[in-house]
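Student: Could you take me through one part of this model up close, the metal site, and then show me what the rest of the fold looks like around that picture? I'd like one connected walk-through rather than a list.

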Amino acid sequence: MSTGTTTSGTADRRAAALGALAQQTIELPSWAFGNSGTRFKVFAQEGVPRDPFEKVADAAQVHRYTGVAPRVSLHIPWDKTEDYAKLSAHAAEQGVTIGAINSNLFQDDDYMLGSLTHPDARVRAKAVAHHLECIDVMRATGSTDLKIWLPDGLNYPGQDNLRARQDRLAEGLAEVYAGLDPEHRIILEYKFFEPAFYSMDVPDWGTSLLHCLALGEQAMVVLDTGHHAPGTNIEFIVAQLLRAGRLGAFDFNSRFYADDDLMVGSADPFQLFRIMHEIVSSGALAPDSGVNFMLDQCHNIEPKIPGQIRSVMNVQEATAKALLVDADALHAAQQSGDVLGANGLLMDAYNTDVRPLLAELRESQGLDADPMRAYGASGYAEKIKAERVGGAQAGWGA
Ligand code: RM4
Ligand code: MN
């Protein structure tokens with residue numbers, strides 16, 4: 001225990017943490033339930049969903065055992081369906097709602113040299129039209145976030161004009177923005193490399209933020225934790241975007257090397273804690289803060305539903321630890337220049353075993369203290385393996 005931390009203060013923080021954790025929500029990606037892999041191989045798993053209805057049903061299982069995952073993001077056209085209102089009603093029956101609608105600009109031959117930044121006006125118009133279609137999906141499903149991740153970029157210096165591409169992008173985004181309803185937002189993601197290797201058109205938070213600022217109040221930045229160069233101080237970016245009032249969402253995942261899309265909190269739980277500390281200490285955990293906490297992951301070799309359950313639990317653990325930071329003592333230590341005291345206070349919270357606290361939270365909500373065990377015992381995995389025979393499994397590109 002660091003000096004300055006009192007026992008009654010600890011009990012108060014624990015109680016406050018339970019209250020805040022009870023309000024936390026995490027959004028799940030529909031594509032996490034389909035087959036995925038690397039560019040070398042997509043491994044098929046038994047029982048994988050064949051359509052968006054089955055993906056939503058699987059996502060609902062994660063919510064059922066964790067109690068904190070009430071929304072599912074869709075990816076269009078991967079989750080294209082005849083009747084989105086029907087999909088939305090199906091989600092409601094399962095106890096979840098439709099979250100962000102993700103556009104897809106990376107699997108059409110027309111987009112080889114770009115989408116919203118393409119030199120050809122015909123291709124740019126097609127990319128804009130795709131987003132307007134996604135906005136229609138939002139209207140039919142009650143979704144409020146249009147998530148744009150742009151694969152656009154250049155492989156070779158001189159391949160296209162860097163500035164002209166930014167101008168085209170600004171124009172295209174403005175057309176999409178004009179199609180939003182008042183309750184809608186554009187959330188614009190950035191990524192430093194891949195699929196383009198010389199220069200991405202939205203490589204970093206600064207570029208995303210500049211476009212959002214130009215668009216207006218309904219445009220916010222998405223921070224995908226896997227989309228930075230190794231060693232990047234992500235919590236600094238979180239702090240900066242929160243200061244600017246433009247942190248719209250997270251795409252949580254873990255990375256060892258690049259955009260690995262591994263389970264959040266598995267590669268670097270301390271980084272996740274530092275991110276959540278910025279969130280908690282700036283009040284951005286509150287349900288009305290405007291920050292949508294989403295997962296963007298693929299479970300290539302592990303079973304998908306338990307992979308999502310584990311991920312949700314990892315986010316909860318990092319959040320709980322961040323909520324246990326003694327903010328007053330930390331502030332005092334920072335003000336007095338107590339370097340080791342301040343660092344010690346943060347580490348005390350990080351090193352706390354919060355699993356009993358989360359077990360208590362779940363039991364108070366009528367859930368099993370151990371969601372992994374409860375899901376395992378439910379028989380759902382066996383049921384979908386037996387039932388989902390035939391048809392085409394959903395997967396990367398399908
Ligand atoms: C991209 C990006 C997007 C996600 C796709 C599947 O790298 O992270 O958020 O929708 O992958
Ligand atoms: Mn992402």
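Tutor: Glutamate 189 and aspartate 296 are both buried. Keep in mind that this is a predicted model. The two residues come from distant parts of the chain, 107 residues apart: glutamate 189 sits in strand β8 (residues 185–189), while aspartate 296 is in the loop between β12 (292–295) and α9. What brings them up together here is the manganese ion (ligand 2), whose protein donors are Glu189 (OE), Asp224 (OD), Asp251 (OD) and Asp296 (OD), at 2.1 to 2.2 Å from the metal. Written along the chain, the donors of that ion have the spacing E-x34-D-x26-D-x44-D. There are six donor atoms in the site, and with angles of 72 to 164° among them it comes out as octahedral.

Now for the nonpolar packing. The largest nonpolar core has 98 residues, and the ones touching the most other members are Leu146, Phe250, Phe252 and Ile279. Helix α9 (residues 304–323) is the top contributor to this core, giving nine residues. If you zoom in on isoleucine 279 and skip anything up to four places away in sequence, you'll find it touching Val238, Leu242, Leu247, Phe250, Ala284, Leu285 and Phe293. There's also a second, separate core of six residues, with Ala100, Met220, Ala249 and Met294 among them.

Two helices are worth a look for how they split into sides. In α10 (residues 327–335), the buried residues are Ala329, Leu330 and Ala333. Those residues sit on the same side of α10 because they cover an arc of only 100° around the axis. They pack against α8 (269–281) and α11 (339–350). Turned away from that buried side is a face carrying the exposed residues Ala327, Asp328 and Gln335. After α10 comes glycine 337, with a positive phi near 70°.

Helix α3 (residues 84–93) has Tyr84, Leu87, Ser88, His90 and Ala91 as its buried residues. Their arc around the axis is only 160°, so they too lie on one side, the same side of α3. The cover over them includes α2 (52–66), β4 (71–75), β5 (97–102) and α4 (121–141). Exposed Lys86, Ala92 and Glu93 are on the face turned away from the buried side of α3. At the N-terminal end, aspartate 83 acts as the cap, with a side-chain oxygen 3.2 Å from the backbone nitrogen of alanine 85. Past the other end, α3 is followed by glycine 95, whose phi is positive, near 90°.

Notes: Residues are numbered from 1 along each chain as its sequence is written. Chains are lettered from A and ligands numbered from 1 in the order in which they are written. This is a predicted model: local features need pLDDT of at least 70, side-chain atom pairs count only at pLDDT 80 or more; totals for chains, interfaces and linings use all residues. Side-chain values use heavy atoms; hydrogens and water are left out. A nonpolar core is a set of buried Ala, Val, Leu, Ile, Met, Phe, Trp, Tyr and Cys residues joined through side-chain atoms within 4.5 Å. Buried means under 20% relative accessible area, exposed over 50%, partly exposed in between (1.4 Å probe, protein chains only). Helices (H or I, at least four residues) and strands (E, at least two) are DSSP runs, numbered from the N terminus. Contact means heavy atoms within 4.5 Å. Donors are N, O and S atoms within 2.8 Å of the metal (3.2 Å for Na, K and Ca); water is not among the atoms, so sites may look incomplete. Four donors count as tetrahedral if all angles lie between 85 and 135 degrees; four count as square planar and six as octahedral if opposite donors are over 155 degrees apart and all others between 65 and 115; anything else is irregular. The arc is that of the directions from the helix axis to the C-beta atoms. A polar contact is a pair of N or O atoms within 3.5 Å; within protein, one must be able to donate a hydrogen and the other to accept it, and residues adjacent in sequence count only if both atoms are side-chain atoms.
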